Amino acid sequence: MLKKDKLIIAGKKFTSRLIVGTGKYKSMQECAKAIKVSGADIVTVAVRRVNISDKSKALLMDYIDPKKITYLPNTAGCFNSEEALRTLRLAREIGGWKLVKLEVLGDKKNLFPEMIETLKSTEILTKEGFKVMVYCNDDPLMAKRLENAGASAIMPLAAPIGSGLGIQNTINIKIIRKQTQLPLIIDAGIGEASDAAEAMELGCDGVLVNTAIAKAKKPLMMAEAMKLAVISGRKSFLSGRIKKNIYGNASSPKKGII
Amino acid sequence: MNKLNKVIIKVNGKKLILNPNSSVYDLINKLKLPINKVAIELNKEIIDKKKIDNIILKSKDNIEIVHFIGGG
């Protein structure tokens, strides 16, 4: 039923609408297993210095094959455009990645995106040929500006990164959904499976989850719950829900009552 | 080897001593890093991995080598 319903980002088709972050897991093994269970086609990864004094440490690529799973390099930890650009240019050099997640933070405590720097970076990266999926605030006006700047996907937060609060501003997400044809992916703030289902029911194209899976007591079970929630929410959205009504409407026919 | 000829560079913030005329390729080999899994910056400029055997390192060069790790 959903076989033809693909997530298309920058012309590339993906089967799963769940994107999974690879941070905060107990081990690389657990991370790799969670990704497998989640069914994700795309995983976010960070760009960091190689540990040159301890080269025995396992590499992410040894556990998650970038030929099978699309790596989405992020700019986590960058607080201005210059740092973000440097990070993504390096990411591209590692292996030709052009599809990237831009995330420029503005505050160390709430981790909200610094939207002026984010917009500036989106413009530059797009000109350099990057396909930029942009982590942003749930602000319809800023989302529009990102779209005009050439973003490949709009990724508003549900709530602060790692907060697990779920979607705080459904109205804004609905407005952004109505105004854009771009892939709309909820990024950050998901806490449990119902949050992911809600995002999909609002008409979002996908959900990005990291902490909610990695820090659950049973990460693998949560990875599966998220997978099912995204599929369930998507089907619920596509099936066209009934109208809300303040009065009751009997499910059994009145005719033939004894 | 004459001590004066030694090339002292920084790699990921750490001091490293190389033989004279060492290229970036020699450095990557010395560190036993998989070239297809890293990116290299020389003095804040990204270098083309295909050309690393032609780039000779000199004292005070600053090298950054990065790779992918888990992240959200």
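Two residues are in contact if their C-beta atoms, placed from the backbone, lie within 7 Å. With that in mind, note that the model on your screen is a predicted one, and begin the tour with chain A as a whole.

**Stop 1: chain A as a whole**

Select chain A and count only those contacts whose partners have a separation of 6 or more: residues 24 or more positions apart account for 63% of them. In the cartoon view you can look for nine helices and 10 strands in this chain. Its C-alpha atoms fill a box of roughly 85 × 40 × 35 Å, taken along the principal axes. The radius of gyration of chain A is 19 Å, which agrees with the value near 18 Å that a compact globule of 258 residues would have. If you colour the chain by burial, the buried residues make up 45% of the 258 residues.

**Stop 2: a sheet of three strands**

Next, select strands E6, E7 and E8 of chain A, which form an open sheet in that order, with parallel pairing. The edges are E6(A), residues 99-102, and E8(A), residues 153-156, each of which pairs on one side only. Neighbouring strands of this sheet are turned against each other by 20° on average, direction ignored. Now look at strand E7(A), residues 131-136, which is joined to E8(A) by four bridges in the parallel sense. To see one place where two residues face each other, show Cys136(A), which stands opposite Pro156(A) in E8(A).

**Stop 3: the nonpolar core**

In soluble globular proteins, nonpolar side chains tend to be buried together. The largest nonpolar core here has 92 residues, and those that touch the most other members are Val100(A), Val134(A), Ile154(A), Ala196(A), Val207(A), Val209(A) and Met226(A). Centre the view on Val207(A) and, leaving aside residues up to four places away in sequence, show what it touches: Arg17(A), Leu18(A), Ile185(A), Ile186(A), Ile190(A), Ala196(A), Ala199(A), Met200(A) and Val230(A).

**Stop 4: helix H7 of chain A**

How many of the nine residues of helix H7(A) are buried? Select residues 193-201 and you will find that this helix is mostly covered, with seven of its nine residues buried. The buried ones are Ala193(A), Asp195(A), Ala196(A), Ala197(A), Glu198(A), Ala199(A) and Met200(A). To see what covers them, add strand E9 (185-187), strand E10 (206-209) and helix H9 (219-239) of chain A, which are included in the cover. Just after H7(A), stop at Gly203(A), where phi is positive, at about 100°.

**Stop 5: where chain A touches chain B**

Now show both chains, and select the contact between them, to which chain A gives 28 residues and chain B gives 22 residues. On the side of chain A, the elements that give two or more residues are strand E4 (42-49), helix H2 (60-63), strand E5 (70-73) and helix H3 (81-95). Which of these elements gives the most? It is E4(A), with six residues. Coloured by class, this side of chain A shows 15 nonpolar, eight polar and five charged residues. Strand E4(A) also pairs across the chains, running antiparallel to strand E5 of chain B, residues 62-70, over five bridges. One facing pair to display is Val47(A), which stands opposite Phe68(B) in E5(B).

**Stop 6: the strands of chain B**

Stay with E5(B) and add strand E3(B), residues 39-42, which pairs with E5(B) in the antiparallel sense over four bridges. Here Ala39(B) stands opposite Val66(B). Strand E3(B) is also joined by two bridges to strand E4(B), residues 45-46, and these two run antiparallel, with Leu42(B) opposite Glu45(B). Together E3(B) and E4(B) form a hairpin with two residues between them, and Asn43(B) in the turn has a positive phi of about 50°.

**Stop 7: two loops in chain B**

Most residues other than glycine have a negative phi, and most peptide bonds are trans. With that in mind, select Asn12(B), whose phi is positive, at about 45°, although it is not a glycine. Asn12(B) lies in the loop between strand E1 (7-11) and strand E2 (14-18) of chain B. Asn12(B) counts as partly exposed because it has 18 C-beta neighbours inside 10 Å. Finish at Lys60(B), another residue other than glycine with a positive phi, near 75°, in the loop between E4 and E5 of chain B. Is Lys60(B) buried or exposed? With 10 other C-beta atoms within 10 Å, Lys60(B) is exposed.

Methods. Residues are numbered from 1 along each chain as its sequence is written. Chains are lettered from A and ligands numbered from 1 in the order in which they are written. This is a predicted model: local features need pLDDT of at least 70, side-chain atom pairs count only at pLDDT 80 or more; totals for chains, interfaces and linings use all residues. Ala, Val, Leu, Ile, Met, Phe, Trp, Tyr, Cys and Pro count as nonpolar, Asp, Glu, Lys and Arg as charged, and the others, Gly among them, as polar. Two strands pair if DSSP finds at least two bridges between them. The radius of gyration is taken over C-alpha atoms; the globule rule is 2.2 Å times the number of residues to the power 0.38. A residue is buried if 20 or more other C-beta atoms lie within 10 Å of its own, exposed if 12 or fewer, and partly exposed in between; C-beta atoms are placed from the backbone. Axes are lines fitted to C-alpha atoms, for helices over the stretch in contact, and angles run from 0 to 180 degrees between N-to-C directions. A nonpolar core is a set of buried Ala, Val, Leu, Ile, Met, Phe, Trp, Tyr and Cys residues joined through C-beta atoms within 7 Å.
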